[in-house]
Every structure is written in structure tokens, then in C-alpha cells.
Amino acid sequence: DMTDLSLADNRTVRRLYGINVNDYEGINLYVSDSNMKVEEVLVVKLKDASQAGGVESAVRSRVDTQLQSFEGYGPEQCKLLDDHVLDTEGNYVLFVVNEKAQAADQAFQDSL
């Protein structure tokens, strides 16, 4: 269920992750409509598998930033961040912060 998420534009991807969408085959980022929630879904199609490490590093940095932002007043949001999924399969990277992150990861793996 992604009813509370919106597709982010290229500028938002760069601002949140520090990556240039033009360097990849494709990027879709869905972010929460509320700045008080951490739910996100990022799917990156790499041009080359060697790009995976850079995307994974950007995701880890995003998680750390979000944890710092919500530390002390958003324990539920921090738990979602701690339980995130970061999965790289072939030329795809999936990052999910959601209570159903594991189910999303399974659907991702089944689709490849």
C-alpha cells in the first residue's frame, strides 16, 4: 500500500541521496507525504552492476541522517528505519522503509 507515498522528482532524489539520476538506467523514489514519517521506497536500475556500491552507500547515509533526525522523539519511525530492507539483485537496488518491508523485498525478488 503506497497511498501515503508520492513519486519524487529528480531534484529530490539528489537532495535526499546525493545521486544523479542521469548516471543510472532509471530511478524511482517514493517518499512519505508527511515529513513526520520515514516511509520510503527507492528502486534503482543500474547501468552496470559496479554502481551498486555507490547506491548502497547513499542509502546507508540516508538512513543515518533519518535516524539522527528522528532520534529522541520518533521511536516508531526509528524502528522502521532500523528494520529497513536494502537488497541488490543483478542490476537493481531496492530500499524500503515500511512496516511491510520484508514483503516488499520478497515481491521484488519474485519479480526478477
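The second largest pocket of this predicted model has a volume of about 200 Å³. Among the 15 residues that line this pocket, Ser32, Ser34, Asn35, Lys37 and Arg62 are the closest to its centre. Three elements, namely helix H1 (10–17), strand E2 (26–32) and helix H2 (52–70), each contribute at least two residues to the lining of the second largest pocket. Sorted by class, that lining consists of 4 nonpolar, 5 polar and 6 charged residues. In general terms, empty space is revealed when a probe the size of a water molecule is rolled over the atoms.

The largest pocket may be described in the same manner. The volume of the largest pocket is about 400 Å³. Its lining is made up of 16 residues, and those nearest the centre are Asp1, Met2, Leu5, Glu39 and Asn98. The lining of the largest pocket comprises 7 nonpolar, 3 polar and 6 charged residues.

Arg62, one of the residues closest to the centre of the second largest pocket, also leads to the salt bridges. How many salt bridges does the structure hold? There are 2. In one of them, the side chain of Arg62 meets that of Glu40, with a distance of 2.3 Å from N to O. This pair joins distant parts of the chain, since Arg62 belongs to helix H2 and Glu40 to strand E3 (residues 40–45), with their positions 22 residues apart in the count along the chain. Are these two residues buried or exposed? Arg62 and Glu40 are both buried. The other salt bridge is formed by Asp83 and Lys79, whose closest N and O atoms are 2.5 Å apart. Asp83 has a relative accessible area of 39%, and it is therefore classed as partly exposed.

Two further residues show how the surroundings of Arg62 and Glu40 are built. Leu16 is located in helix H1. Why does Leu16 count as buried? Its relative accessibility is 18%, and a residue is called buried when this value is under 20%. Apart from neighbours within four places in sequence, Leu16 makes contact with Leu29, Val31 and Arg62. The C-alpha atom of Leu16 is separated by 8.8 Å from that of Ala58, although the two residues are 42 residues apart along the chain. Gln66, for its part, lies in helix H2. With a relative accessible area of 10%, Gln66 is buried. When neighbours within four places in sequence are set aside, Gln66 is in contact with Val38, Glu40 and Leu81.

Leu81 directs attention to helix H3. Which residues of helix H3 (residues 75–82) are buried? They are Gln77, Cys78, Leu80 and Leu81. When H3 is viewed down its axis, these buried residues fall within an arc of 155 degrees, and so they line one face of the helix. A general rule helps in reading such a pattern: an α-helix has 3.6 residues a turn, so residues three or four places apart point the same way. The buried residues of H3 pack against H2 and against strand E5 (92–97). On the face turned away from this buried side, H3 carries the exposed residues Pro75, Glu76, Lys79 and Asp82. Lys79, one of these exposed residues, is the partner of Asp83 in the salt bridge described above.

Conventions
Residues are numbered from 1 along each chain as its sequence is written. This is a predicted model: local features need pLDDT of at least 70, side-chain atom pairs count only at pLDDT 80 or more; totals for chains, interfaces and linings use all residues. Side-chain values use heavy atoms; hydrogens and water are left out. On a 1 Å grid over the protein atoms alone, a cavity is a set of points where a 1.4 Å probe fits but cannot get out, and a pocket is an open set with protein on both sides within 12 Å along at least five of seven lines; lining residues have an atom within 4 Å of a point. Grid points are joined across faces, edges and corners, and a volume is the space filled by probe spheres set on the points. Ala, Val, Leu, Ile, Met, Phe, Trp, Tyr, Cys and Pro count as nonpolar, Asp, Glu, Lys and Arg as charged, and the others, Gly among them, as polar. Helices (H or I, at least four residues) and strands (E, at least two) are DSSP runs, numbered from the N terminus. Buried means under 20% relative accessible area, exposed over 50%, partly exposed in between (1.4 Å probe, protein chains only). Contact means heavy atoms within 4.5 Å. The arc is that of the directions from the helix axis to the C-beta atoms. A salt bridge is a side-chain nitrogen of Lys or Arg within 4 Å of a carboxyl oxygen of Asp or Glu.
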